[in-house]
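Colleague: I have just opened this model and would like a close look at one part of it, the sheet and what lies around it. Please take me through it slowly, as I am still new to this.

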Amino acid sequence: MWLKRLLRIGRKRETVYRKRGVENQFAMHNSQCTIKDLLYLLEQHALATDTPIVDKETADFLYRLVAEKKPKHILEIGTAIGYSGIVMLSAVEKTFLTTIDKNPRRIEDAADNFAKAGFADRVEMIFIDAVEFLEKNTQKFDFIFLDAAKMQYPKMLPLLKKAILQGGTVVADNVLNLKHSNFNQKILPKMEEFCDMLKADKDMNTEFLELGDGLSVSIMK
Ligand SMILES: C[S@@+](CC[C@H](N)C(=O)[O-])C[C@H]1O[C@@H](n2cnc3c(N)ncnc32)[C@H](O)[C@@H]1O
């Protein structure tokens, strides 16, 4: 229920911003380029180069969720060019982000973009496979954003549960509505399996949101 409230608040807030002509929700200090400008450029770049990033609706929701939860340490699985990472870092001043990707080229681009955003000292980028990272990981996070290795979501769930603190939030993207998307249709049964695992999981409370390709939001009890 509280998630639905968060969605409604976000929509109202956007209208107010538009009405007041407040362009810059993400104003940066001491810089001519704002985070909002940078995110717009990254959206254009992603479109032109076919780089997968979260859609605007999902980005906006992530921003509000992180702003509300104020996590100290976020884990992102699937950095790409740093778009969603920048969205999350811009939501809370002191949050630190560990973000991983198996594509070294994307990690390099993301490093440039985090630096442009002024977030270089609040982010750790790791070039590694998601499952390998989670199997070796001993750190605990209070917010996890899962956006990579879709076929591995069911396999990753027990590992994510080990990595999340009590009361922490795990958000997974692309868990619903994949029938009509460009995703490889082999992913569909894996996502159904993942959703069924979440529904049956007694250690987490999960809600599913019809945003973009569908999000799951789980709170570790
Ligand atoms: C959808 S994109 C991430 C988008 C990013 N979260 C954003 O919205 O800006 C998925 C990323 O996951 C990476 N990836 C795919 N499979 C992976 C795996 N097994 N381990 C680590 N990264 C993986 C891809 O290289 C790609 O950059």
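Which residue in E5 does phenylalanine 141 stand opposite?

Modeller: Happy to help! The residue opposite phenylalanine 141 is isoleucine 164 in E5. Please keep in mind that this is a predicted model. Your pair is a good place to start, so let us look at the two strands around it. Strand E4 covers residues 141-146 and strand E5 covers residues 164-173; the two run parallel and are joined by 5 bridges.

Two helices can be found from here. Helix H7, residues 153-163, packs on the sheet, where it touches E4 and E5 as well as E1 (73-77) and E7. Its direction makes an angle of about 165° with that of E4. Helix H8, residues 187-200, also packs on the sheet, but it touches E6 and E7, and its direction makes about 135° with that of E6.

Now step back to the whole sheet. The chain has 8 helices and 7 strands. An open sheet is formed by 7 strands, and if you walk across it you meet them in the order E3-E2-E1-E4-E5-E7-E6. The pairing is mixed. At the edges stand E3 (123-127) and E6; each has a single partner strand, so one side of each is left without a neighbour in the sheet. On average, and ignoring direction, neighbouring strands are turned by 15° against each other.

Let us visit the edge where E6 lies. Strand E6 (residues 204-209) and strand E7 (residues 215-220) run antiparallel, with 6 bridges joining them. Here leucine 209 faces leucine 215 of E7 as its opposite residue. The two strands make a hairpin with 5 residues between them, and glycine 212 in that turn has a positive phi of about 50°.

That brings up a useful point about backbone angles. Most residues other than glycine have a negative phi. Two loops that touch on our sheet strands hold exceptions. In the loop between E5 and H8 you will find asparagine 174, with a positive phi near 65°. What is its environment like, buried or exposed? Asparagine 174 is buried, because 24 other C-beta atoms lie within 10 Å, and the cut-off for that label is 20 or more. Lysine 70 sits in the loop between helix H3 (56-69) and E1, and its phi is positive too, near 50°. Lysine 70 has 13 C-beta neighbours inside 10 Å, so it counts as partly exposed.

Finally, look at the nonpolar residues. The largest nonpolar core has 58 residues. Leu62, Ile86, Ile144 and Leu146 are the ones with the most contacts inside that core. Try clicking on leucine 62: leaving aside neighbours within four places in sequence, it is in contact with Val54, Ser84, Val87, Met88, Phe145 and Val171. Across the chain as a whole, 37% of the 221 residues are buried. Of the contacts with a separation of 6 or more, 66% are between residues 24 or more positions apart.

Conventions
Residues numbered from 1 in each chain as written. Predicted model: local features only at pLDDT ≥ 70, side-chain atom pairs only at ≥ 80, totals over all residues. Helix = DSSP H or I, 4+ residues; strand = E, 2+ residues; numbered from the N terminus. Buried ≥ 20, exposed ≤ 12 C-beta atoms within 10 Å, placed from the backbone. Contact = placed C-beta atoms within 7 Å. Core = buried A, V, L, I, M, F, W, Y, C linked by C-beta atoms within 7 Å. Pairing = 2+ DSSP bridges. Axes fitted to C-alpha atoms, helices over the stretch in contact; angles between N-to-C directions.
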